[in-house]
Amino acid sequence: MRAHQLQHKLGKWLLISIAVLFLGCFLLLPLVLVLVSALSKGLDVYWAALSEPDALSALQLTLLVAAISVPLNLVFGVAASWAIAKFQFRGRSLLITLIDLPFAVSPVISGLVFVLLFGAQGLFGPWLAEHDVRILFALPGIVLATVFVTFPFVARELIPLMQAQGRDDEEAALSLGASGWQTFRRVTLPNIKWGLMYGVLLCNARAMGEFGAVSVVSGHIRGRTNTLPLHVEILYNEYQFVAAFAVASVLALLALLTLILKRIVETRVAHSLNRGAHA
Amino acid sequence: MSIDVRNLSKRFGRTQALQPLDLHVASGELLALLGPSGCGKTTLLRSIAGLVAPDTGQIHLHGVDVSDMPVQARGVGFVFQHYALFRHMSVFENVAFGLRSRPRATRPNKTELGDRVNAVLKTVRLDAFQQRYPEQLSGGQRQRVALARALVIEPRVLLLDEPFGALDAQVRRELRRWLRQLHDELKITTVFVTHDQEEALDLADRVVLLNQGAVVQSGSSDQLYMAPASAFVCDFLGETNHLQGELRAGQIHIDRARWPWPNQAHLADGRVDVCVRPHDFRVVGADSANALQVTVQAVRNLGGRARIDAISASAGPINIDLPIEQFSDLSVQPGAALYLTPARLNVFAV
């Protein structure tokens, strides 16, 4: 083997080793540790930590928040990307920038915005108190914060896809006599199906895992406004390590599930993009 | 179904895509909208379809004002440049789309729908490809699916945007012949957009030439080719030599050459732009008093004809095409002098 070939090979393996080592230390090891710690006192303790009422209510709240905010962002995301990708209008680039805002702003700030708006001293605070509407430290606040933080995922995924596909298909459908809704359901939606699914998965993962923004607006009321990530933090702060890791393992499991689904959808997205380029 | 466009104009931002213009398409006519890119021909076609909302003007289909009708209600068949086939649907489903989209009351039942789709697919000779998907078809086949999809709704007019633009030369010529036949069978009023003058002249009953959003000339291919209304038309319909000359009492003076120009009614005496196509030059003997003398610079054999690059002392570079037999008889060499008279010419004011 020639010297430069050997060098080339060595370089390749060196890079791979570094990447694997890094991933192992910073991603895989913590994940394994979470599971090991969660099960360190046996399955009974693990199960007890999960079936405890506060944990169950946190799980319930997390699923409920995701169940509300993900569909909302699905609708907003499709509407926003439709507008941006298929039409030219004044303020279009401003809208694109606004969609990215939640990515650019720290989640804690996102949460604080809602405190400033709906808190007792906030802009709408007195009016809300007068009419006995609870937004902060209640479900509406948590949903609002989650919707805000997870807004970009669907839109970010769809805008480039819809831009690449152009307006021809929709115009063809309209010229053939289809109504706006028929066009959307039978032409647009099938075209963006896999991209949309991908965006929704990412959105869902973040909605279930969001900590910062939700932490600010939730008020940490046990059994009422605690989501899973907040519950983990509380358990940890109270030195209930096994219980904390047990609950964390549920979150990790949800994340893994999302990753597997994402992997499946990803190949479909690549496939449909390829087809789009050829057809 | 006739198409009547009156006073139509459209502006996109700062560009005036269409100057206010009129266009009439007779029932059963096959009309070409020809012009360079950006001349507004596609905007005009899309306005007729209802895909573009014009700033001013009306569009009448068979006497009915459709200006305020949405695209769905106009009953036009539109074929897109890149076909815009629905990639998640089979050929059959693509063609069936228009029928399935109808309101329940007028939607054909399953057998009728199948029959009609099959009939149209037979017309475009794709009945064997029903279950294929667009990505499994060649360019020419996709084009025919797009046409079938537009035809199945029994449109009142058929509009085609650069129908052969994305195909290679061989398939393009075949499809052209075939589309002409299909039109002769169906007799459906058809407008197509193209930037290819050969395509327009070959296929259309009548050609409307557009430039910078306005109609420059409209007429049969013969009229446009033989009697161009301007130097632009002359240039656009084929290669043209522009010679600087002077018009004096029915004669064009270039150097010592004197060419007659009898039909000068609309031209005043003075400097003129003399347009002669390369193949319209005749080579004559040196003793011919009225011929233009040029010097040969290069000669090339282009298959059936010879191309001569020549230069005239006062009129500049001139391209000449000669039939290959005449060319070998003349045995032209670079540096030699040639004497030219035009078999056909057009003259425009400068």
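**Figure 1. Cys275 and its partner at the edge of a sheet in chain B.** In this close-up of the predicted model, B:Cys275 has B:Asn346 of strand E20(B) as its bridge partner. The two strands shown are E14 (residues 270–276) and E20 of chain B, which pair in the antiparallel sense over four bridges. Step back a little and both strands appear within an open sheet of five strands, ordered E13-E12-E11-E14-E20, with antiparallel pairing. Strand E13 (257–260) and strand E20 (346–349) of chain B each have a single partner strand, so they form the edges, and one side of each is left without a neighbour in the sheet. From one strand to the next, the twist averages 40°.

**Figure 2. A loop beside the edge strand E13(B).** Here we stay with the five-stranded sheet and look at B:Asp255, found in the loop between strand E12 (251–254) and E13 of chain B. Which sign does the phi of B:Asp255 have, positive or negative? The phi is positive, about 55°, although B:Asp255 is not a glycine. For background, most residues other than glycine have a negative phi.

**Figure 3. The six-stranded sheet of chain B and the helix that packs on it.** This view turns to another sheet of chain B, an open one of six strands in the order E6-E7-E8-E3-E9-E10, with mixed pairing. Its edges are strand E6 (76–79) and strand E10 (214–219) of chain B; each has a single partner strand, so one side of each is left without a neighbour in the sheet. The twist averages 20° from one strand to the next. Helix H1 (residues 41–49) of chain B packs on this sheet. Which strands does H1 touch? They are E3 (30–34), E6, E7, E8 and E9 (206–211) of chain B, and the direction of H1 makes about 150° with that of E7(B).

**Figure 4. Two kinds of pairing within the six-stranded sheet.** The mixed pairing of this sheet is easy to follow by looking at two strand pairs in turn. Strand E7 (residues 157–161) and strand E8 (residues 189–194) of chain B pair in the parallel sense over five bridges. A good place to start is B:Leu159, whose bridge partner in E8(B) is B:Val191. E9(B) and E10(B), in contrast, pair in the antiparallel sense, over five bridges. To find this pair, look for B:Leu209, which has B:Gln217 of E10(B) as its bridge partner. As a general guide for the eye, side chains in a regular strand alternate between the two faces of the sheet.

**Figure 5. The hairpin of E9 and E10 in chain B.** Strands E9(B) and E10(B) form a hairpin with two residues between them. B:Gln212 sits in the turn and has a positive phi of about 50°.

**Figure 6. Helices H3 and H5 of chain B, side by side.** Helix H3 (residues 91–100) and helix H5 (residues 139–151) of chain B pack with their axes 7 Å apart, at an angle of about 30°. With angles under 35 degrees counting as roughly parallel, H3(B) and H5(B) are therefore roughly parallel to each other. Their crossing is right-handed. From H3(B), the contact is made by B:Val91, B:Asn94 and B:Val95, and from H5(B) by B:Val145, B:Ala148 and B:Arg149. Sorted by class, the contact has four nonpolar, one polar and one charged residues.

**Figure 7. Helix H5 of chain B meets helix H6.** H5(B) also passes helix H6 (residues 169–186) of chain B; the axes come within 11 Å and cross at roughly 20°. H5(B) and H6(B) are therefore roughly parallel to each other, and the crossing is right-handed. H5(B) contributes B:Gly140, B:Gln143, B:Arg144, B:Leu147 and B:Leu151 to the contact, while H6(B) contributes B:Val171, B:Leu175, B:Trp178, B:Leu179, B:Leu182 and B:Leu186. By class, there are eight nonpolar, two polar and one charged residues in this contact.

**Figure 8. The loop leading to H5 in chain B.** B:Arg125 lies in the loop between helix H4 (110–123) and H5 of chain B. B:Arg125 is not a glycine, yet its phi is positive, about 60°.

**Figure 9. Confidence in the model.** Chain B averages a pLDDT of 91, with 99% of the residues scoring at least 70. Chain A averages 89, and 96% of its residues score at least 70. Which elements of chain A have the lowest and the highest mean pLDDT? The lowest (80) belongs to helix H13 (residues 241–278) of chain A, and the highest (95) to helix H9 (residues 168–175) of chain A. The model scores ipTM 0.85 and pTM 0.82.

Key
Residues are numbered from 1 along each chain as its sequence is written. Chains are lettered from A and ligands numbered from 1 in the order in which they are written. Side-chain values use heavy atoms; hydrogens and water are left out. Axes are lines fitted to C-alpha atoms, for helices over the stretch in contact, and angles run from 0 to 180 degrees between N-to-C directions. Angles under 35 degrees count as roughly parallel, over 145 as roughly antiparallel, 65 to 115 as roughly perpendicular and the rest as oblique. A crossing is left-handed if the near helix is turned anticlockwise from the far one by less than a right angle, and right-handed if clockwise. Contact means heavy atoms within 4.5 Å. Ala, Val, Leu, Ile, Met, Phe, Trp, Tyr, Cys and Pro count as nonpolar, Asp, Glu, Lys and Arg as charged, and the others, Gly among them, as polar. Two strands pair if DSSP finds at least two bridges between them. pLDDT is the predictor's confidence in each residue, from 0 to 100.
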